[in-house]
Amino acid sequence: MQIIGMASVPFFVKFMHKWGTTVFMLALTMVGQIWMGLAGGNVTSALIGWILACIGSGSACTMFFAMVGDTVDFGEWKSGVRANGLLTAMGASFCIQMGSGFGSFIAAKIMATFGFSAAKATQSAASMSSISFTFIWIPVIIYAISLVIMVAYRKWERHEPIVTEELAERHAQTQENAAE
């Protein structure tokens, strides 16, 4: 399902731009997660929520990779240094690995606090609630924080055409100077 979300990104960006697509997909993911949380024992309903959450998260995560290029452009515009490799390595590799590690650590600590043990054949009610909390509600909280952070990106997206135009002028001037 995430692949469907990823494949849909160009269509949505065409109409909603990067910011709108990211905000919409984060919201879709939150709706799907909440849907799963409220589905109870209804497997069909939980699967619908799962599909929505996967499509949304696949698209939203794809959008963050697309935005790394924007940070490269902004950095070059602001400082004159185009740090493609550093920003890609930090944004697309290091931060993802650190986030995965922290996320797993936090989920494991929350579940351990409520008595979860993989060695137990049967988990307590508190342990089952902690599993639900870390699988459903922690992601909703994280996606909501991401949505709030996207408010700052909207300012950049409005400024992006100016940056792109000025960088194109700088590059053309550099090529003219090199040709002389």
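Trainee: What is the handedness of the crossing of α3 and α4 in this predicted model?
Mentor: Start with the geometry. The two axes cross at roughly 145° and come within 8 Å. The crossing of α3 and α4 is right-handed.

Trainee: Which residues of α3 make the contact with α4?
Mentor: Take the α4 side to begin with. There, Ser130, Ile131, Phe133, Thr134 and Ile138 take part. From α3 come Ala107, Ile110 and Met111.

Trainee: How many residues of the contact of α3 with α4 are nonpolar?
Mentor: Go through the classes. No residue of this contact is charged, and two are polar. The nonpolar residues number six.

Trainee: At what angle do α2 and α3 pack?
Mentor: Look at the pair of axes. They lie 9 Å apart, and α2 passes α3 in a right-handed crossing. The angle is about 145°.

Trainee: Which residues of α2 meet α3?
Mentor: On the α3 side are Asn84, Leu87, Thr88, Ala92 and Ile96. By class, the contact of α2 with α3 has six nonpolar, three polar and no charged residues. The α2 side consists of Phe65, Val68, Thr71 and Val72.

Trainee: Which element gives the most to the lining of the largest pocket?
Mentor: The pocket has a volume of about 980 Å³. Its lining takes two or more residues from each of α1 (2-38), α2 (43-79), α3 (84-113) and α4 (125-179). With ten residues, the top contributor is α3.

Trainee: Which residues lie nearest the centre of the largest pocket?
Mentor: The lining counts 30 residues. Five of these lie nearest the centre. They are Cys61, Gly99, Ser100, Ile142 and Tyr143.

Trainee: How many charged residues does the lining of the largest pocket have?
Mentor: Sort the lining by class. Nonpolar residues account for 20, and polar residues for ten. The charged count is zero: there are no charged residues.

Trainee: What is the volume of the second largest pocket?
Mentor: Locate the pocket by its lining. It has 13 lining residues, with Phe64, Met67, Ile149, Met150 and Tyr153 nearest the centre. The volume is about 310 Å³.

Trainee: Which element supplies the largest share of the lining of the second largest pocket?
Mentor: Two helices each supply at least two residues: α2 and α4. The largest share is seven residues. That share comes from α4.

Trainee: How many charged residues are in the lining of the second largest pocket?
Mentor: Again, go by class. Ten residues are nonpolar and two are polar. The charged count is one.

Trainee: Where does histidine 17, with its positive phi, lie?
Mentor: Check the backbone. The phi of histidine 17 is about 65°, although this residue is not a glycine. Histidine 17 lies in helix α1.

Trainee: Which element has the lowest mean pLDDT?
Mentor: Begin with the chain. Its mean pLDDT is 88, and 100% of its residues reach 70 or more. Among the elements, α1 has the highest mean, 92. The lowest, 86, belongs to α3.

Conventions: Residues numbered from 1 in each chain as written. Predicted model: local features only at pLDDT ≥ 70, side-chain atom pairs only at ≥ 80, totals over all residues. Heavy atoms only, no water. 1 Å grid on protein atoms, 1.4 Å probe; cavity = no way out; pocket = protein on both sides within 12 Å on 5 of 7 lines; lining within 4 Å. Points joined across faces, edges and corners; volume = space filled by probe spheres on them. Helix = DSSP H or I, 4+ residues; strand = E, 2+ residues; numbered from the N terminus. Nonpolar A, V, L, I, M, F, W, Y, C, P; charged D, E, K, R; others polar. pLDDT = per-residue confidence, 0-100. Axes fitted to C-alpha atoms, helices over the stretch in contact; angles between N-to-C directions. Left-handed = near helix turned anticlockwise from the far one by under 90°. Contact = heavy atoms within 4.5 Å.
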